[in-house]
Amino acid sequence: MPQHRALEQWVDQVARVTRPDRIHWCDGSEEEHQVLIEGMLRDGTLIGLNHQRYPGCYLHRSHPSDVARTEHLTFICTSRQEDAGPTNNWMAPAEARGQVGKLFEGSMRGRTMFVIPYLMGPAGSPYSKVGVEITDSPYVVVNMRLMTRMGKIALERFGGSDSFVRGLHSLGDLSPDRRFILHFPEERLIWSIGSGYGGNALLGKKCHSLRIASWIGREEGWLAEHTLIIGVEDPAGQVTYMAAAFPSACGKTNLAMLVPPAEFSGYKVWTVGDDIAWMHIGSDGRLRAINPEAGFFGVAPGTSVKTNPNITAAVDRNTIFTNVAVTPDGEPWWEGKDPTPPDGLVDWRGNPWTPGKEPAAHPNSRFTVAASQCPSISPSWEDPEGVPISAILFGGRRARVAPLVYQAYSWQHGVFVGAGMASETTAAQSGAVGVTRRDPMAMIPFCGYHMADYFAHWLNMGARIACPPAIFHVNWFRTDSHGRFLWPGFGENIRALKWILERVRGQGEAVETPIGFVPTPDALDLDGLRLPDGTTDELLRIDTDAWDAEQAEQGLFFDRLTPRLPDEIRQEHAMLRARLSRLSVSVNAVEPPRAL
Ligand code: SAT
Ligand code: MN
């Protein structure tokens, strides 16, 4: 590779430290892929699945202590601690190099070192970026081949340039005690050791496309966000694009591939992306989104023909499954795939499974599949200019507090709504599940810099967009007093999307409430959906006591971000408080809310 001198020098330097037996430059070809697969079948890294029913599909069982992102071992290594902000773990760059550099010494002995040039974003897009990941994991290589545009296509793109994101990854000894995921945003550098799991090891994904890219985006004036991208086609054939930010394992993949119920057969949802969007201001002044990824790394449990027929059709070939269970016929299986588990399952650890105690598939088990295999993939998904975004949705898992859907009053208020987001934790990260945590814009684990500066960047972006997208908040997860979901979710979510579409077009009935515009009960098209009496009211209800507690929690979170917190966020918070206190007065006076 004589024309890629900077890359070659870096590869040499890494090899001198990590001491691999061999170096392999990945070209992304089918032949290379087959050789890697065969090697992994031989050494047990991959297990073949039923090739009649699942051609080209394999199972990988990860180390049982390495099944999710480890946020407590993830660091931002900026020269000044305050630039990482209070919501990130920080390590001084010199200390990080000293401490973690030692772990890389000889870490690839006896292994092959793979050099993976990759492109994030469509070929030919001015918004795409090149990265190179060095890894000693062939599992990472075959996943990166699905998740990015890998090999020749990336090398062609960056020519002789030395500006590419460098990602160094080694499995090390897989010990959680020697596991670190480090980001040096000032140097566009990532170091990850001790984990083979998705978000820790596929460095093009969260590490590059969110943590490093969010930093670059602020410098260059664009947004790197944890959002799906969809085109919603109405019965007249008009497609409106939306981006939606939900935390990991909160249904982004399902919403991205939504199939509407029969009553909505004139509507169609086109998938542009299921996890990450890079959003730039286009030459037309609009906010335009590209999906930097080329595949989906989705959560398997809960996925079925009913909940997501599109992904079900996509993962029946050329798919890598991680930590799912296997049927006696060699088919992949996970909770929710069928109503009753088949007999004779082998669980995700490789042991015979007995129903009752533990799930057969790990709750964070995953599939990796090329986006092009998805039947709902949008004809515009590789548009180099990106798709024009008309609405941005924020959302999370909230058993209480957040109504089904509401609209922010303005861009500034919408940024506040995103900044004030919270969600209950899931199995996508190690640690307790179901704990409510503040997760602004679903970026708390992924923003590579100070959250307060991130809010300021959002506010600045809004001022520069000719026609800023309308901002909404959704919550599919509200429950009743028995803990049962009030809303059926999945395909039925089109009903909320329809109201969003209408609002974007200046239609759709709404009530002005302290938190934003909430649909009037009649404004939601619930035709054919038989919800128990009172459910719609409950789904749309603003519980002032709960919101009082919520705004207090928001205040505590914002306090952590002072003094950098933008005044606009403080003002919006104060205005929310004022509106909430007015509402308690008006409720006491039985004053009807103002219908718009
Ligand atoms: O972090 S991953 O990319 O492995 C998946 C997720 O948690 O969103
Ligand atoms: Mn994600």
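**Cavities, a pocket and two domains**

Trainee: How do the residues of the lining of the second largest cavity divide into nonpolar, polar and charged?
Mentor: A friendly reminder before we start: this is a predicted model. In the lining of the second largest cavity, the residues divide into three nonpolar, six polar and four charged.

Trainee: Which residues are closest to the centre of the second largest cavity?
Mentor: Begin with its volume, which is about 70 Å³. There are 13 residues lining the second largest cavity, and the ones closest to its centre are Pro247, Ser248, Gln429, Arg437 and Asp439.

Trainee: How many cavities of 30 Å³ or more are there, by count?
Mentor: The largest cavity, with a volume of about 140 Å³, passes that cut-off. The second largest cavity, at about 70 Å³, passes as well. The full count of cavities of 30 Å³ or more is three.

Trainee: Which helices each supply at least two residues of the lining of the largest cavity?
Mentor: The lining has 16 residues, and Tyr406, Val417, Gly420, Trp547 and Gln554 lie nearest the centre. By class, the lining comprises 10 nonpolar, four polar and two charged residues. The helices that each supply at least two residues are α11 (411–419) and α15 (544–561).

Trainee: Good, now the open space. What volume does the largest pocket have, and which residues are closest to its centre?
Mentor: For the largest pocket, the volume is about 910 Å³. Its lining is made up of 44 residues, and those closest to the centre are Ala249, Cys250, Gly251, Arg397 and Phe477.

Trainee: Which element gives the most to the lining of the largest pocket?
Mentor: By class, the lining residues are 19 nonpolar, 15 polar and 10 charged. Four elements each supply at least two of these residues: α8 (204–220), α9 (252–256), β18 (295–299) and β22 (366–370). With four residues, the element that gives the most is α9.

Trainee: Why does the largest pocket lie between domain 1 and domain 2?
Mentor: The domain assignment gives domain 1 as 5–45 + 70–221 and domain 2 as 225–292 + 380–588. The largest pocket lies between the two because its lining takes residues from both domain 1 and domain 2.

Trainee: What area is buried between domain 1 and domain 2?
Mentor: Taken over C-alpha atoms, the centres of the two domains are 32 Å apart. Contact involves 35 residues of domain 1 and 37 residues of domain 2. Carbon and sulfur atoms give 54% of the area buried between the domains, and that area is about 3000 Å².

Trainee: How many salt bridges are there between domain 1 and domain 2?
Mentor: It helps to look at a salt bridge in detail: the side chains of Arg218 and Asp453 meet at 3.7 Å, N to O. A salt bridge requires a distance within 4 Å, so this pair meets the cut-off. Between domain 1 and domain 2, the count of salt bridges is six.

Trainee: Which residues does a cis peptide bond join?
Mentor: Most peptide bonds are trans. Look in the loop between α15 and α16 (567–588), where Pro563 is found. There omega is about 0 degrees, and the cis peptide bond joins Thr562 and Pro563.

Trainee: Which residue has a positive phi although it is not a glycine?
Mentor: Most residues other than glycine have a negative phi. Turn to the loop between β10 (180–184) and β11 (189–193), where Arg188 is found. With a phi of about 55 degrees, the residue you are asking about is Arg188.

Conventions: Residues numbered from 1 in each chain as written. Chains lettered and ligands numbered in written order. Predicted model: local features only at pLDDT ≥ 70, side-chain atom pairs only at ≥ 80, totals over all residues. Heavy atoms only, no water. 1 Å grid on protein atoms, 1.4 Å probe; cavity = no way out; pocket = protein on both sides within 12 Å on 5 of 7 lines; lining within 4 Å. Points joined across faces, edges and corners; volume = space filled by probe spheres on them. Nonpolar A, V, L, I, M, F, W, Y, C, P; charged D, E, K, R; others polar. Domains from an automatic or database assignment. Contact = heavy atoms within 4.5 Å. Buried area = accessible area lost by both parts, 1.4 Å probe.
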